[in-house]
Amino acid sequence: FISMAIVGVVTYVWGRRNSAVRMQIVGVPIRAPYLSWVLTGISLLVGSGSSRDHLMGIAVGHIYYFFEDVYPLLPTSKGFRLFRTPKILKLIVGQRE
């Protein structure tokens with residue numbers, strides 16, 4: 001039940017980070033930032049009932065994208081990142097600071 005929301009998050013964030021990518025869905029050319037919206041529209045047309053999950057994924061993806069990629073670049077944020085990887089997890093996987 002949560003898989004469509006996760007797909008929405010991943011496609012939204014990927015599309016925002018790769019905004020120049022062009023692709024075709026059912027022969028219709030689209031740019032990457034619109035992919036999650038197109039998938040939501042297709043699920044509405046097909047009537048799969050997962051369009052609410054897609055919209056929730058888009059909302060969560062937008063929040064994540066804003067606080068991870070946009071907010072740290074604003075002068076008032078002073079580089080603050082809300083979603084930092086915990087130090088214990090970095091220690092476990094052996095990643096350096």
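Is Lys 78 buried or exposed? Let's settle that and then work through a few more exercises together.

This is a predicted model, in which local features need pLDDT of at least 70 and side-chain atom pairs count only at pLDDT 80 or more, while totals for chains, interfaces and linings use all residues. Residues are numbered from 1 along each chain as its sequence is written, and side-chain values use heavy atoms, with hydrogens and water left out.

**Exercise 1. Classify Lys 78 and Val 26, and place them in the fold.**

Step 1: recall the classes: buried is under 20% relative accessible area, exposed is over 50%, and partly exposed is in between (1.4 Å probe, protein chains only).
Step 2: Lys 78 has 77% relative accessibility, so Lys 78 is exposed. Val 26, at 76%, is exposed too.
Step 3: Lys 78 sits in the loop between helix 3 and helix 4 (87–93), and Val 26 in the loop between strand 1 and strand 2. Helices (H or I, at least four residues) and strands (E, at least two) are DSSP runs, numbered from the N terminus.
Step 4: check the backbone. Phi of Lys 78 is near 55°, a positive value in a residue other than glycine; phi of Val 26 is also near 55°.

**Exercise 2. Describe Gly 47.**

Step 1: Gly 47 comes just after helix 2 and has a positive phi of about 80°.
Step 2: its place is the loop between helix 2 and helix 3.
Step 3: with a relative accessible area of 57%, Gly 47 is exposed.
Step 4: compare positions in space: the C-alpha atoms of Gly 47 and Arg 17 are 29 Å apart, with their places 30 residues apart along the chain.

**Exercise 3. Work out how helix 1 and helix 2 pack.**

Step 1: the axes of helix 1 (residues 3–17) and helix 2 (residues 35–46) come within 8 Å and cross at roughly 145°. Axes are lines fitted to C-alpha atoms, for helices over the stretch in contact, and angles run from 0 to 180 degrees between N-to-C directions.
Step 2: Gly 8, Thr 11, Tyr 12 and Trp 14 of helix 1 meet Leu 35, Ser 36, Trp 37 and Leu 39 of helix 2, where contact means heavy atoms within 4.5 Å.

**Exercise 4. Find the buried side of helix 2.**

Step 1: the buried residues are Leu 35, Ser 36, Thr 40 and Ser 43.
Step 2: these residues of helix 2 cover an arc of only 140° around the axis, so they lie on the same side; the arc is that of the directions from the helix axis to the C-beta atoms.
Step 3: on the other side, Leu 44 and Leu 45 are exposed.
Step 4: the cover over the buried residues includes helix 1, strand 1 (22–25), strand 2 (28–31) and helix 3 (51–70).

**Exercise 5. Label the ring pairs of Phe 66.**

Step 1: rings of Phe, Tyr and Trp (its six-membered ring) pair if their centres lie within 6.5 Å; planes under 30 degrees apart count as stacked, over 60 as edge-to-face and the rest as tilted. The whole structure holds five aromatic pairs.
Step 2: Phe 66 and Phe 67 have ring centres 5.2 Å apart and planes at 80°, so this pair is edge-to-face.
Step 3: for Phe 66 and Tyr 71 the centres are 6.2 Å apart and the planes at 45°, so that pair is tilted.
Step 4: Tyr 64, Phe 66, Phe 67, Tyr 71 and Phe 83 form one aromatic cluster.
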